[in-house]
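Me: Please take a close look at one part of this protein and follow what it connects to. I am a first-year student, so keep the sentences short and explain each term once.

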Amino acid sequence: MPSCRSFFAAGAVDGVEFVAGGHDANKNVLSTAWKYDIRADEWTELPGMNEERDECVGIVVGSEFWMVSGYATQAEGRFMKSAESFGLGSGDWRLTQDA
């Protein structure tokens with residue numbers, strides 16, 4: 001990956017791996033996301049997420065990469081009841097509250 005991160009969400013579809021959220025080496029919670037094209041061996045930064053998320057979970061459902069749960073820096077250990085989805089076709093993040 002282009003930068004160090006831990007406890008991030010990940011998901012893969014059609015030879016593309018997505019990583020988002022987590023925290024950096026200094027324990028700063030991240031709102032950044034990347035995709036890795038396995039065939040091209042190339043990383044591309046995605047648009048920033050709506051919320052920072054640490055210890056989140058990722059999954060690809062249909063044409064969307066979903067990040068669920070996690071928590072922000074100021075709420076360490078208090079997990080969110082929201083999710084974000086990245087549209088693989090649209091290239092945009094969408095926040096869903098009370099997921």
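Reply: Start at S85, which faces R94 of strand β8. Their strands, β7 and β8, are joined by four bridges and run antiparallel. Two strands count as paired when DSSP finds at least two bridges between them. Strands themselves are DSSP runs of E with at least two residues; helices are runs of H or I with at least four, and numbering starts at the N terminus.

A word on the model. It is predicted: local features need pLDDT of at least 70, side-chain atom pairs count only at pLDDT 80 or more, and totals for chains, interfaces and linings use all residues. Residues are numbered from 1 along each chain as its sequence is written, and side-chain values use heavy atoms, with hydrogens and water left out.

Now the turn. Five residues sit between the strands in the hairpin of β7 and β8, and among them G91 has a positive phi near 75°.

On to the sheet. It is open, has four strands, and follows the order β5-β6-β7-β8 with antiparallel pairing. The edges are β5 (57-61) and β8 (93-96); each has a single partner strand, so one side of each lacks a neighbour in the sheet. On average, neighbouring strands here are turned by 20° against each other, direction ignored. Such angles run from 0 to 180 degrees between N-to-C directions, and the axes are lines fitted to C-alpha atoms, for helices over the stretch in contact. What holds strands together? Strands of a sheet pair through backbone hydrogen bonds, parallel or antiparallel.

The other partner of β7 is β6. Residues 64-68 of β6 and 83-87 of β7 form five bridges, again antiparallel. There, V68 faces A83.

Back to R94. Its side chain meets that of E64 in a salt bridge, 3.2 Å from N to O. E64 belongs to β6 and R94 to β8, so the pair ties together parts 30 residues apart in sequence. The rule: a side-chain nitrogen of Lys or Arg lies within 4 Å of a carboxyl oxygen of Asp or Glu. Are these two residues buried or exposed? Neither: E64 is partly exposed at 21% relative accessible area, and R94 is partly exposed at 42%. Buried means under 20% relative accessible area, exposed over 50%, and partly exposed in between, with a 1.4 Å probe and protein chains only.

The salt-bridge count comes to three. The side chains of R53 and E51 form one of them, at 3.1 Å from N to O. R53 also forms a salt bridge with E84, with the closest N and O atoms 3.6 Å apart. R53 sits in the loop between β4 and β5 while E84 sits in β7, so this link joins parts 31 residues apart in sequence. R53 is buried at 0%. E84 is buried too, at 0%. E51 is partly exposed, at 22%.

S85 has another link. It is one of the residues touched by W93, a list that also includes A20, F65, M67, E84 and F86 and leaves out residues up to four places away in sequence. Touching, or contact, means heavy atoms within 4.5 Å.

W93 leads to the core. The largest nonpolar core has 13 residues, and those with the most contacts inside it are F18, A20, F65, M67, F86 and W93. Strands β2 (16-20) and β6 each give two or more residues. With three, β2 gives the most. A nonpolar core is a set of buried Ala, Val, Leu, Ile, Met, Phe, Trp, Tyr and Cys residues joined through side-chain atoms within 4.5 Å.

Rings meet here as well. There are six aromatic pairs. The ring centres of F18 and F65 lie 5.4 Å apart with planes at 20°, so this pair is stacked. F18 is in β2 and F65 in β6, 47 residues apart. For F18 and F86, the centres are 6.4 Å apart and the planes at 50°, so the pair is tilted. That pair links β2 to β7 across 68 residues. Rings of Phe, Tyr and Trp (its six-membered ring) pair if their centres lie within 6.5 Å; planes under 30 degrees apart are stacked, over 60 edge-to-face, and the rest tilted. F18 is buried at 4%, and F86 is buried at 5%. Ring pairs join F18, F65, F86 and W93 into a cluster.
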